[in-house]
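Let's take a look at the pockets in this one, and then at a helix and the sheet beside it.

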Amino acid sequence: MCGIVAYIGYREAYPIIIKGLKRLEYRGYDSSGVALLTPEKNLNIYKKSGKVSDLEAHASGKDLHAFTGMGHTRWATHGVPNDVNAHPHLSQNGEFAIIHNGIIENYHSLKTALIERGHEFKSETDTEVLIHLIEEVHKNNIVSFEEAVRMALTQVIGAYAIVILSKQDPTYLIGARKGSPMVVGIGENEHFIASDATPIVEYTRNVVYLNDGEIVIIDKNKLTIKTIDNTVKTPYIHELEINLESIEKGGFDHFMQKEIFEQPRSILDSFRGRTHINEATIAMAGIDKFEDKLKNIKRIIIVGCGTSWHAGLVGEYLFEDFARIPVEVEYASEFRYRNPVLDENDFVIAISQSGETADTLAALELAKSKGATIFGVCNVVGSSIPRITDAGAYTHAGPEIGVASTKAFTAQVTALILMALSVAQKRGTITTERLRELLIELETIPGKVETALKLDAHIKTIAEEFKNSRNALYLGRGYGFPIALEGALKLKEISYIHAEGYPAAEMKHGPIALIDEEMPVVVIATQHSNYEKVISNIQEVRARKGRVIAIATEGDEHITSQADYVIYIPQCEEAMLPLIASIPLQLLSYHIAVLRECNVDQPRNLAKSVTVE
Ligand code: G6P
């Protein structure tokens with residue numbers, strides 16, 4: 001949460017920063033701001049509540065000429081989203097400026113001590129406290145700017161990715177990270193800092209991912225990395241794999257729409273090269289590494305948040321069905337504070353698109369501290385979770401920019417299918433013929449998703465019908481249950497219609513009371529196990545005048561007499577249903593949100609990479 005970008009070099013900094021902030025807006029869009037160090041050593045700060053486009057309008061016509069600068073897009077934690085609380089923040093003497101992603105937990109005690117020393121604060125933010133602290137350390141200890149930052153950070157408790165600049169030392173910028181992501185781009189006679197690589201990829205493919213507890217000092221030509229206790233580190237330079245096209249809209253109206261339509265390819269990319277149909281084998285290095293452990297494992301624990309937690313539920317069914325291993329699926333935020341019973345026999349899988357979600361990271365750290373083997377299923381290469389895990393599987397969905405997760409979910413499910421099947425093979429709980437059958441089926445999934453995407457126009461007409469609903473219910477059983485949860489989450493996230501996902505049979509224990517002629521009820525009613533039972537649940541809804549939208553299997557004529565609207569999807573193996581049945585639900589929420597004129601890619605109050613707990 002919160003996006004940061006900084007530049008030092010020979011180009012105009014402002015356009016680079018603004019473009020970068022737009023790419024990082026998925027991390028927050030409550031306010032944004034820039035600090036520019038002009039060649040005359042003036043420090044110009046422009047900030048504005050609202051979107052980056054509001055900042056651009058505000059800064060238009062002002063002095064923007066600078067070769068050094070930094071910018072921030074905010075997701076508010078301490079202090080309401082207004083102009084004053086927007087970053088950058090200045091020290092009392094106006095010499096230092098800071099941008100910050102994260103939370104300074106001991107800001108209150110630091111602030112009290114600083115007030116006693118005569119500091120006055122303009123904003124309500126924790127960030128302003130940090131820059132005043134740096135000023136104070138600098139002044140009292142007569143140390144360099146760099147040393148002051150380092151010393152101040154030793155007093156800070158909390159999470160941060162920060163960039164600081166100084167009017168007195170305009171030739172360099174300082175970045176530091178603990179718990180929030182930071183990437184440094186290395187160009188020729190220029191350097192970049194950002195929360196992720198998307199603002200950088202246009203200018204250089206060479207990056208360094210900063211580790212927790214590290215500080216980076218960049219000037220035009222040089223990059224130095226140190227730890228907070230002042231040990232110099234050798235930077236490890238990665239080559240970026242993402243390309244520019246993958247982070248632009250490419251003719252679609254919204255990133256979410258583009259990402260929904262990318263799924264035939266992203267699902268293929270998540271199993272490409274991992275399946276060998278002739279030999280009936282799966283190559284997943286991370287899973288193979290723990291073959292012995294997984295053969296005898298007694299349980300698996302899956303942790304995640306939001307959509308990733310839903311993918312985890314699908315994983316539960318997959319591991320239980322195929323590998324016959326009991327699975328517990330936990331909200332990372334609950335698990336981390338619950339004193340869970342864990343030891344070295346456990347295998348904990350964290351699922352996270354961003355690889356940065358604070359609660360998921362903390363849950364993994366807890367599991368690691370108790371001796372469990374920790375495994376990551378992540379999309380963003382080089383992010384924090386893959387860097388702390390014992391092993392993992394990247395989902396290869398490509399950058400996901402729409403805040404509501406779509407292609408990352410189906411890629412997570414694809415990776416989990418492969419993992420469950422691979423473990424099943426190692427444990428001897430699946431026959432070679434059955435495994436081959438499933439791998440052949442997986443090969444057909446991108447084509448079936450393509451077919452499901454052709455339902456777009458039909459789904460739009462259903463969206464017209466329900467765009468003014470105030471509530472919606474999503475029902476499913478078995479694999480249909482996590483699909484229902486995910487469908488409901490998509491609708492509420494982007495259209496602000498209250499929606500609940502429920503196991504279809506549980507409906508009669510509560511939600512049935514809500515059903516009337518106004519209530520759309522989306523039911524996953526494909527011809528898989530429990531089909532007849534789901535049909536009975538549909539009848540219970542219809543008896544109360546609810547309006548049923550059924551997701552059904554192509555060729556199922558019976559369902560037309562049961563539902564008000566039918567969305568037919570291609571027949572598939574039950575275990576792969578989430579990959580196909582999720583598509584119409586994503587499209588339904590997308591069209592409803594567009595018809596309601598909601599900001600699809602940046603829904604209010606949400607952010608994509610939740611680096612605060
Ligand atoms: C936020 C996003 C969701 C996402 C969740 C977990 O709430 O809006 O789309 O599912 O975080 O994020 P992760 O990156 O860990 O998958």
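The lining of the largest pocket splits into 15 nonpolar, 13 polar and 13 charged residues. This is a predicted model, where local features need pLDDT of at least 70, side-chain atom pairs count only at pLDDT 80 or more, and totals for chains, interfaces and linings use all residues. Residues are numbered from 1 along each chain as its sequence is written, and side-chain values use heavy atoms, leaving out hydrogens and water.

Here are the two pockets side by side (volume is the space filled by probe spheres set on the grid points).

| Pocket | Volume |
|---|---|
| Largest pocket | about 970 Å³ |
| Second largest pocket | about 630 Å³ |

Closest to the centre of the second largest pocket, out of 31 lining residues, sit Cys-305, Gly-306, Thr-307, Ala-607 and Val-610 (lining residues have an atom within 4 Å of a point on a 1 Å grid where a 1.4 Å probe fits; a pocket is an open set of such points with protein on both sides within 12 Å along at least five of seven lines). Helix 10 (306–323) is the top contributor to that lining, giving five residues.

Now for the sheet. Its eight strands form an open, antiparallel arrangement in the order 3-2-4-1-10-9-11-15 (strands are DSSP runs of E, at least two residues; a pair needs at least two bridges). Strand 3 (43–49) and strand 15 (238–239) are the edges, each pairing on one side only.

Helix 1 has eight of its 11 residues buried (under 20% relative accessible area, 1.4 Å probe), so it is largely enclosed by the rest of the structure. Among the buried ones are Tyr-14, Ile-17 and Leu-21.

Note on methods
Helices (H or I, at least four residues) and strands (E, at least two) are DSSP runs, numbered from the N terminus. Buried means under 20% relative accessible area, exposed over 50%, partly exposed in between (1.4 Å probe, protein chains only). Ala, Val, Leu, Ile, Met, Phe, Trp, Tyr, Cys and Pro count as nonpolar, Asp, Glu, Lys and Arg as charged, and the others, Gly among them, as polar.
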